[in-house]
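Here are some exercises to work through with the model open beside you. Try each task before you read its solution.

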Amino acid sequence: MKKLDKSSNHSNFSLRIKTQQSISPKAIQKTSETQMEDLQNKSNIQIIFSHEEKLYNFLFPYEATTDQLLQQARKIVPTISNLVTTNSNLAMDYYLQLPNQKLNVFQGRIITVQGVPGLLALKSKTGLRDFIFIKCIGVGGFSRVYLVKKKQSGRFSAMKIIEKKIIMEKKIENIIENERNILAVTQHPFLNKLEYALECPNHLIFITEFCAGGDLLYYLQKYHVFTETQARFYIVEFILGLIYLHQLDIIYRDIKPENILIDITGHIQIADFGLAKPTRNEYAYSFCGSPEYMAPEMLTNQGHNQQLDHYCLGVLLYELVIGCPPFYSEDINKIYENIILKEVEFPKNNQLSNEIKDLILRLLCKDQKNRIGHQGGLLEILDHKWFENVDLIKFLYRKVTPPFQPDIFKPPALQKEYKDGDLDLIRKLLDRSVSGTTMFQNFYYDQSVEMDIKVEQQKFLKFYHQLIEQQNSKMQRRQKIKFLRKTRLV
Ligand SMILES: Nc1ncnc2c1ncn2[C@@H]1O[C@H](COP(=O)(O)OP(=O)(O)O)[C@@H](O)[C@H]1O
Ligand SMILES: [Mg+2]
């Protein structure tokens, strides 16, 4: 047994690893039984690292993170790319590979981990066979989404699989192309990140960052309605993502709770860019979206622009605080009729503030030229009183605590069961004997090699940050003036 003092020889390793020793399985048993209470009292986190039949006992201070665990394991085996639990606990394996996550969630448990060998890349292109299929985690209009694990790195991702046959039958090739191109050029904390895009003989595939917290619909179904404060959290994060898209001249066009993913920390990631459309000040005319979230100008075919997203934001806000969309009906035609003709109503005895009701009514204004945001876009919407005490910068840096914290041991995204057709689809996908037609010239995308795109994204993100900072200063100044006025009155 050897004791190492790690605090002296690693200057940038700010949190001390208290002990690291090679121990026998028996010793672990003993530690778990007799010293458990003591460990908890000292706020130590105990993790056992297993390598070549040897076990190493790592004790971490309360505030240590997954990065430090990996660093510590790499001192024993420098070539590992990731850590996984020895008993293959899916939820924990996913958590362990996330950067900078607190290890204190493991307090009170003793977990044993091992390294995933960091294999060198043997070929230049990533393909379908580089992934292991774990389970279906979502079903969309034309797609199924799977949790997959990359063989080489052990990293988890979400894989959206779209059948080419359906795309060709519906003649919606442009939708998939848009989705690929928009995902490839966007990089924002509240937008789901594309890792790979692949074209297979009969399927098109997007591999994106896995969001273990599921989607906002899951929380809405669980809690039925949100308080205004809870709703504000999701709306502000969503608006920050939407400003980024609108600044890139992209209309999103598919706002609804199931397209707002929740990551393991509880923050949002906007997903599903299938209906998103790049426009340059001109109107778009295609008819698309979910019935309850359709804007009047889409139904009357007047042509639509970014104002359409402002309207849908109003539908989302209404649904979050009331529990159903504003013009809900079992009959789709009735929904359409209501959207065009009926005025928005709030249920009697609702507890909503006048500010939120005013904002919802202005967002759901049927005439797009009179709707809030017509002059100044989303920034004008953020000037509304309902956002009065919001600190945009705190939101942008994900410093505002999310209303719901996904359970890391039972992540919502893994709770769903979609079994029908699973094996059939995977068998078809992996069948080497099938042939198909190539649909796109340059569909393949690998985020780790697209350097040109990354440089452009960084430049744009800088401009975007300036814009948000300006807006935030304006909002903060207004708050200050209001506060001064109030105190003077007193
Ligand atoms: N990255 C992801 N992480 C976790 N779940 C996801 C992810 N992407 C999609 N899903 C789940 O799959 C569903 C369908 O995905 P989506 O991209 O919206 O497909 P579609 O375009 O067919 O609607 C989503 O509503 C969500 O529940
Ligand atoms: Mg969707």
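Two strands count as paired if DSSP finds at least two bridges between them. Keep that in mind for the sheet exercises, and remember that this is a predicted model.

**Exercise 1. Get your bearings: how many helices and strands are there in the chain?**

Solution. The chain holds 16 helices and 15 strands. Of its 490 residues, 34% are buried. Turn next to contacts between residues at least 6 apart in sequence: 69% of them join residues at least 24 apart.

**Exercise 2. How many bridges join S7 to S8, and what lies between the two strands?**

Solution. Start with the pairing. Seven bridges join S7 to S8, and the two strands run antiparallel. One of the bridges pairs Lys-149 with Phe-156 in S8. Now look at the connection: S7 and S8 form a hairpin, with five residues between them. In the turn you will find Gly-154, whose phi is positive, about 75 degrees.

**Exercise 3. Place S8 in its sheet: which strands are at the edges?**

Solution. Step one is the strand order. Six strands form an open sheet, S6-S7-S8-S10-S9-S15, with antiparallel pairing. Step two is the ends of that order: the edge strands are S6 and S15 (445-446), each of which pairs on one side only. Step three is the other neighbour of S8 in the order, S10. Six bridges join S8 to S10 (residues 203-208), and these strands run antiparallel. Met-159, for instance, has Ile-207 in S10 as its bridge partner. Finally, check how covered S8 is: six of its eight residues are buried.

**Exercise 4. Is Lys-160 buried or exposed, and which residues does it touch?**

Solution. First locate Lys-160, which sits in strand S8. Next, count its surroundings: a residue is buried if 20 or more other C-beta atoms lie within 10 Å of its own. Lys-160 has 23 other C-beta atoms within 10 Å, so it is buried. Leaving out residues up to four places away in sequence, Lys-160 touches Ser-143, Val-145, Ile-205, Phe-206 and Thr-208. As a last step, consult the record: in an unreviewed UniProt entry, the annotation "binding site" covers Lys-160.

**Exercise 5. Describe the shell around ligand 1: which residues are closest, and where does the ligand lie with respect to the domains?**

Solution. Begin with the shell itself. Ligand 1 is surrounded by 22 residues, the closest being Gly-138, Gly-140, Ser-143, Ala-158 and Asp-272. Three elements give two or more residues to this shell: S6 (131-139), S7 (143-150) and S8 (156-163). By character, the shell residues divide into nine nonpolar, eight polar and five charged. Now bring in the domains. Domain 2 (128-212 + 411-449) and domain 3 (216-396) both give residues to the shell, so ligand 1 lies between them.

**Exercise 6. Compare two aspartates: what is the phi of Asp-249, and what is the phi of Asp-272?**

Solution. Recall the background first: most residues other than glycine have a negative phi. Asp-249 has a positive phi near 60 degrees, and Asp-272 has a positive phi near 65 degrees. Then place each one. Asp-249 is in the loop between helix H8 (228-247) and strand S11 (250-251), while Asp-272 is in the loop between strand S13 (268-270) and S14. Their surroundings come last. With 14 other C-beta atoms within 10 Å, Asp-249 is partly exposed; with 25, Asp-272 is buried.

**Exercise 7. Follow Pro-278: which residues does it touch?**

Solution. Find Pro-278 in strand S14 (residues 277-278). Setting aside residues up to four places away in sequence, it touches Asp-249 and Ile-250. Pro-278 has 14 other C-beta atoms within 10 Å, so it is partly exposed. For a distance check, take Asn-181: it is 97 residues from Pro-278 in sequence and 10.0 Å away in space, C-alpha to C-alpha.

**Exercise 8. Why does Ile-381 count as buried?**

Solution. Ile-381 belongs to helix H13 (residues 377-382). There are 23 other C-beta atoms within 10 Å, so Ile-381 is buried. Beyond residues up to four places away in sequence, Ile-381 touches Ile-239, His-310, Ile-372 and Gly-373.

Definitions and conventions
Residues are numbered from 1 along each chain as its sequence is written. Chains are lettered from A and ligands numbered from 1 in the order in which they are written. This is a predicted model: local features need pLDDT of at least 70, side-chain atom pairs count only at pLDDT 80 or more; totals for chains, interfaces and linings use all residues. A residue is near a molecule or strand if its C-beta atom, placed from the backbone, lies within 6 Å of it. Helices (H or I, at least four residues) and strands (E, at least two) are DSSP runs, numbered from the N terminus. Ala, Val, Leu, Ile, Met, Phe, Trp, Tyr, Cys and Pro count as nonpolar, Asp, Glu, Lys and Arg as charged, and the others, Gly among them, as polar. Domain bounds come from an automatic or database domain assignment. UniProt positions are given in the numbering used here, feature names are shortened, and annotations may be inferred rather than shown by experiment. A residue is buried if 20 or more other C-beta atoms lie within 10 Å of its own, exposed if 12 or fewer, and partly exposed in between; C-beta atoms are placed from the backbone. Two residues are in contact if their C-beta atoms, placed from the backbone, lie within 7 Å.
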